[in-house]
Amino acid sequence: MMHKRWGWGIIFICLVLTVTGCAAVEVYSSHPAVQKMSNDYFNVELEPQLQEGQNFFTSFRFVFTNKTKRDLHLDWENTYYLFNGRRGGRFLWEGVDWDALKKVRNQPLIPVAAGDTVTAVIFPKNLAGRSRITSTTGLRYTRGPLPVGENGIFLVVRHNGREIREKIVVEIEAQQG
């Protein structure tokens with residue numbers, strides 16, 4: 001009789017922990033899911049990306065299309081991560097390593113040919129940590145979660161010596177799941 005009570009008690013505790021444990025999980029969403037902007041020179045899409053197997057965002061899918069008949073140059077040295085309207089450091093991209101960072105510091109203007117589209121997964125450098133483990137993909141950074149609030153990019157593009165600046169943001173929210 002005593003063992004039966006213990007058994008039911010353990011089952012009840014497990015059920016309570018399961019129900020309350022699920023309520024504590026935050027599920028993140030982005031509004032809009034994909035932010036799009038366009039001007040006379042280019043189109044940009046910025047889409048927060050969920051961390052694989054998780055419910056939170058750690059990066060953006062960045063799509064840039066040159067609409068002109070000449071090269072445009074992405075100026076990564078002067079492009080910044082934005083959080084709630086403030087600059088939050090520069091961006092890194094999927095697959096980046098220390099050698100690639102040195103190259104970009106020496107040559108921060110990345111050309112995009114007339115009519116071309118460039119797609120990259122980018123993430124804020126200030127929210128990243130250097131991984132001690134080298135994976136098979138060669139990634140050497142771990143990405144931290146994008147915080148709740150206004151997240152985006154202050155993009156600088158150069159065209160014929162002219163600087164074009166655009167602010168592209170999404171609102172990230174968290175809800176109990």
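This passage describes strand 4 and its partners, the salt bridges, and two buried residues. The model is predicted.

Strand 4 covers residues 57-66. Nine of its 10 residues are buried, so the strand is largely enclosed by the rest of the structure. Strand 4 pairs with strand 3, which spans residues 42-50. The two run antiparallel, and nine bridges join them. Within this pairing, V44 stands opposite F64 of strand 4. Six residues lie between the strands in the hairpin of strand 3 and strand 4. There, G53 adopts a positive phi near 75°.

Strand 4 also pairs with strand 10, residues 117-124. This pairing is antiparallel too, and has six bridges. Here F62 of strand 4 is set opposite A120 in strand 10. Strand 4 thus has pairings with strand 3 and with strand 10. In a regular strand, side chains alternate between the two faces of the sheet.

Charged contacts come next. Side chains of opposite charge can pair when their charged atoms come close. Six salt bridges are present in the structure. One of them joins the side chains of R61 and E45, with an N to O distance of 3.3 Å. This pair links distant parts of the chain. R61 belongs to strand 4 and E45 to strand 3, and the two are 16 residues apart. R61 has a relative accessible area of 24%, so it is partly exposed. E45 is at 25% relative accessibility and therefore also counts as partly exposed.

A second set of charged residues involves E163. The side chain of E163 meets that of R158 in a salt bridge of 2.7 Å, N to O. E163 forms a salt bridge with R165 as well, and there the closest N and O atoms are 2.5 Å apart. Salt bridges with shared partners join D75, R158, E163 and R165 into one network. Exposure varies among these residues. R165 is exposed, with a relative accessible area of 52%. E163 is partly exposed at 28%. R158 is partly exposed at 24%. D75, by contrast, is at 2% relative accessibility, under the 20% cut-off, and so counts as buried.

D75 lies in strand 5, which is made up of residues 72-75. Beyond its neighbours within four places in sequence, D75 is in contact with P108, L109, V156 and R158. R158 is thus a contact of D75 and a member of the salt-bridge network that includes D75.

The other buried residue considered here is a glycine. G88 sits in the loop between strand 7 (86-87) and strand 8 (91-93). Its relative accessibility is 15%, so G88 counts as buried although it is in a loop. Apart from neighbours within four places in sequence, G88 is in contact with Y81 and N126. G152 is 64 residues away from G88 along the chain. The C-alpha atoms of G88 and G152 are separated by 9.8 Å.

In summary, strand 4 is largely enclosed, and strand 3 and strand 10 are antiparallel partners of strand 4. R61 of strand 4 is tied to E45 of strand 3 by a salt bridge. Elsewhere, buried D75 belongs to a network with R158, E163 and R165, and buried G88 occupies the loop between strand 7 and strand 8.

Conventions
Residues are numbered from 1 along each chain as its sequence is written. This is a predicted model: local features need pLDDT of at least 70, side-chain atom pairs count only at pLDDT 80 or more; totals for chains, interfaces and linings use all residues. Side-chain values use heavy atoms; hydrogens and water are left out. Buried means under 20% relative accessible area, exposed over 50%, partly exposed in between (1.4 Å probe, protein chains only). Helices (H or I, at least four residues) and strands (E, at least two) are DSSP runs, numbered from the N terminus. Two strands pair if DSSP finds at least two bridges between them. A salt bridge is a side-chain nitrogen of Lys or Arg within 4 Å of a carboxyl oxygen of Asp or Glu. Contact means heavy atoms within 4.5 Å.
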